[in-house]
Amino acid sequence: MTEAGGPDGPIGAPHARYAPGTPCWVSLMAHGLTATQEFYGELFGWEFRPGPEQLGPYVRAALDGLEVAGIGQLPPDRHLPVAWTPYFATDDVDATAETVRLCGGTIGVGPLDAPDAGRLAIGSDPSGAVFGLWQAAGHVGTSLTGVPGTAVWNELTTYETAGVRKFYETVLGYEETEPSADLDYVTLYVGGHPVAGIHGVGALLPRDRGPHWTTYFEVADADAALALVERLGGQVLEPAHDSPHGRVAAVADPEGARFSLIQEPR
C-alpha cells in the first residue's frame, strides 16, 4: 500500500471526471439493505439517497451531500458473495469489456446503462478477482475523497503479480507501475499518481476467498472505529497495527463483507 493521490482534485474536495484506470467508485451488494445502511451509517456517518435500480434496490451513500459509495441488495434467490467491489473509470466501457475478454478475464454483468448516470460492467480478471468498470455520464463516481468515511485505496490480493499486472496494464492502460524491492507488490499509477496496488502472497492466499480486491476506508481513529464495528455487530479480522501509511485494521460487516480501515499517520 502507498499514499494515494487524487488525480482529479485536491484531497477533501469534490472530484471532476476521473481519468481512465482510476478507481472511481466502490459498491457493496448485500442481503439486508436496511440493516446494512444502519451499520455503515453509524460507522462512517453516511446518509443515503436512492440510486439506479437496474440490478435491484440500490442506494448511494453521501457525506456532506457528496456521494462516496453505493449499496445494493442481492436477489434473495442468488447466493452470491457479499463483498465490496471497486469500479475503475473508462471512457468506453464496451471496448474495455471486450479487452477484458480478450485478455482472459470474464464479464458477468453488462455492459448496461444506468439512465442519466453512466454505463457499467462487472467482470473478473483471469485469477477470478471481481471488479467493475464505469463510464461516467451524469454520475462521475465518488465525489469526495481524503476525509474519514471515504475510500482511500484499493488493493488486489492474488497469488503472484506478474501475470495479473499485465492484464490490468492492458485493460486499464496503466503506463507506469512500480514493483516493490522487498515483496511481490506492484503499485499502479495514473498520471503520476498511485491509484491502486497488487499484492502477490502465493500460498498464503486463503483458499476460501481466492484472489480479491480490498477497499480501504479512512477513519479518524482506528481503535475507536474497531470498537464501533464490534458494537454494531461486525467482526475484527486483523487488529489495528501501525504501518508506514498509518494505523490499519481489517474488519467485516455483520453480513461478512470484508474491508480495511486506515487512520492517517499523525
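Okay, let's start with one pair of residues: the bridge partner of Gly 123 is Phe 131, over in strand 8. Before going on, a word on where this comes from: it's a predicted model, where local features need pLDDT of at least 70, side-chain atom pairs count only at pLDDT 80 or more, and totals for chains, interfaces and linings use all residues. Residues are numbered from 1 along each chain as its sequence is written, and side-chain values use heavy atoms, with hydrogens and water left out.

A few words on terms. When I say helix or strand, I mean a DSSP run (H or I and at least four residues for a helix, E and at least two for a strand), numbered from the N terminus. Two strands pair if DSSP finds at least two bridges between them. And buried means under 20% relative accessible area, exposed means over 50%, and partly exposed is in between, using a 1.4 Å probe and protein chains only.

So, back to that bridge. Strand 7, residues 118-124, pairs with strand 8, residues 130-136, in the antiparallel sense over seven bridges. The hairpin of these two has five residues between the strands, and there Gly 128 takes a positive phi near 105°. Strand 7 is also joined to strand 6, residues 106-114, by six bridges, again antiparallel. In that pairing Thr 106 stands opposite Ser 124. This hairpin has three residues between the strands, with Asp 116 at a positive phi near 70°. How many residues of strand 7 are buried? Six of its seven, so you can call that strand mostly covered.

Now look at strand 3, residues 58-63. Here six of the six residues are buried, so the strand is largely enclosed by the rest of the structure. Tyr 58, Arg 60 and Ala 62 are on one side, Val 59, Ala 61 and Leu 63 are on the other, and both faces are covered. Val 59 is a nice one to click on: Pro 50 stands opposite it, and so does Ile 71 in strand 4. Strand 2, residues 47-50, pairs with strand 3 over four antiparallel bridges, while strand 4, residues 66-73, is joined to strand 3 by six. In the hairpin of strands 3 and 4, Asp 64 has a positive phi near 50°.

Next, helix 4, residues 222-231. Which of its residues are buried? Ala 222, Ala 225, Leu 226, Leu 228 and Val 229. They cover an arc of only 165° around the axis, which puts them on the same side of the helix; the arc is that of the directions from the helix axis to the C-beta atoms. The face turned away from that side carries the exposed Glu 230 and Arg 231. The buried ones pack against helix 1 and strands 14, 15 and 16, where contact means heavy atoms within 4.5 Å.

After the helix comes Gly 233, with a positive phi near 100°. Leu 232 sits in the loop between helix 4 and strand 14, and is partly exposed at 23% relative accessible area. Leaving aside neighbours within four places in sequence, Leu 232 is in contact with Phe 39, Glu 42, Leu 43 and Pro 254.

Last thing: cysteines. With a disulfide taken as a pair of cysteine sulfur atoms within 2.5 Å, the count is zero. Why is Cys 103 not bonded to Cys 24? Their sulfurs are 19 Å apart, too far for a bond.
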